[in-house]
Every structure is written in structure tokens, then in C-alpha cells.
Amino acid sequence: MNDHALKDAGAKLMNLAHRLVLNVSGNRLLAKPFGMPLVELHTTGRKSGLPRSCYLTAPLHDSNRVVLVASKGGDDRDPDWYRNLEAFPDAELVIGGIRRKIHARTANAQERAELWPRIVAAYKGYADYQTRTSREIPVVICELRN
């Protein structure tokens, strides 16, 4: 198994374990990793067209938007969920137990410059992830729909 396949398998296993712990605990355990709210993102697979979901942290959020960080732990590749959103930006996420429709877009350079310091203030691990990769980690703005 190559390094990328091993990392991807580990990420899928961690997501599955997180889902199991949340379900067993009634969404009480692991609901705020690193002090950030946990969101469940529901996308459409860019290749398969099938529903996909994963858990992510949301370092910034308000009543109009949720900001996600496509860090993949500092990997040199963008996460699949991000590539799915690029292909199909209309998706859904669950935050605070409420499922909401979203329209996702990558922050432009000015928006990213404004948001990045706030993201790192919420969780300094993101700054470390950025040092691990030569790609600029995308910041994703998920605009909440009614």
C-alpha cells in the first residue's frame, strides 16, 4: 500500500470511528473537537454521483455561513470532500443538529487573507498543516440557504 493510500484509509477509518462514537453517545462525545463545532458535510461524489458524507470542524461560523478548511492534515492533495464541492457546490451540512442547505465556494485571495488569521486563532493546528504542504490550503465559505 502506498503512502497516499495508507493516509486515505486512515482518514476513512477515523471518520467511521467518529461517526460510531457520536451515534453511541447520542452526539455528546467528540461533538466539539479542539473547541470547534463538528459539522457533517453531505456532498455528491464528483465521479460517482453518489451521496457522500464526512465530519469536519468549523473554525468560523455565524447565522449566514460556515467556514471550512480543506487542510487534509497538511497533505499535498486536496481532500475529496473539497473536490466534490468544486464539482457540485450545492450541498448540505448538519450543524448543531440542524441539517441546512448550503452553497459552497472557495474564498478568494482577499477573503482568505482576512479569514486565515481568525481560523488559526480558532485552532493553531491549521498553521502547522500549512507548513507541511506547498499548496495553499483552500478556505471554503459555505453560505447557508433557507
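This section describes helix α3, a group of tyrosine rings and two loop residues in a predicted model.

Helix α3 covers residues 109-122. Its 14 residues, at 1.5 Å a residue, should span 20 Å. The end C-alpha atoms are 20 Å apart, which agrees with that expectation. The helix nevertheless carries a kink of about 35 degrees at Leu115. This kink lies shortly before the proline Pro117. At the start of α3, Asn108 makes a contact through its side chain. One of its side-chain oxygens comes within 3.1 Å of the backbone nitrogen of Gln110.

The buried residues of α3 are Arg112, Leu115, Trp116 and Ile119. Leu115 is thus both a buried residue and the site of the kink. The cover over these buried residues includes three strands, β3 (60-61), β4 (65-69) and β7 (139-144). Helix α4 is also part of that cover. Two of the buried residues, Arg112 and Trp116, are paired through a charge and a ring. The charged end of Arg112 sits over the ring of Trp116, at 4.3 Å from the ring centre.

Aromatic pairs were searched for across the whole structure, and four were found. In one of them, the ring centres of Tyr126 and Tyr129 are 5.9 Å apart and the planes stand at 80 degrees, so the pair is edge-to-face. The angle exceeds the 60 degrees required for that class. Both tyrosines belong to helix α4 (residues 125-132). They are three residues apart, and about one helical turn separates them. In an α-helix there are 3.6 residues a turn, so residues three or four places apart point the same way. Tyr126 and Tyr129 are both buried. Ring pairs also bring in Tyr123, giving a cluster of Tyr123, Tyr126 and Tyr129.

Thr133 follows in the loop between α4 and β7. This residue is buried, with a relative accessible area of 9%. Leaving aside residues up to four places away in sequence, Thr133 touches Gly74, Asp75 and Asp76. With Asp75 there is a polar approach: its backbone oxygen lies 3.4 Å from a polar atom of the Thr133 side chain.

Lys72 is found in another loop, between β4 and α2 (80-87). Its phi is positive, about 50 degrees, although Lys72 is not a glycine. Most residues other than glycine have a negative phi. Lys72 is partly exposed, with a relative accessible area of 27%. Thr133, by contrast, is buried at 9%.

Terms used. Residues are numbered from 1 along each chain as its sequence is written. This is a predicted model: local features need pLDDT of at least 70, side-chain atom pairs count only at pLDDT 80 or more; totals for chains, interfaces and linings use all residues. Side-chain values use heavy atoms; hydrogens and water are left out. Rings of Phe, Tyr and Trp (its six-membered ring) pair if their centres lie within 6.5 Å; planes under 30 degrees apart count as stacked, over 60 as edge-to-face and the rest as tilted. Helices (H or I, at least four residues) and strands (E, at least two) are DSSP runs, numbered from the N terminus. Buried means under 20% relative accessible area, exposed over 50%, partly exposed in between (1.4 Å probe, protein chains only). A charge sits over a ring if NZ of Lys or CZ of Arg is within 6 Å of the ring centre and within 35 degrees of the ring normal. The expected span of a helix is 1.5 Å times one less than its number of residues. The bend at a residue is the angle between axes fitted to the seven residues ending there and the seven starting there. Contact means heavy atoms within 4.5 Å. A polar contact is a pair of N or O atoms within 3.5 Å; within protein, one must be able to donate a hydrogen and the other to accept it, and residues adjacent in sequence count only if both atoms are side-chain atoms.
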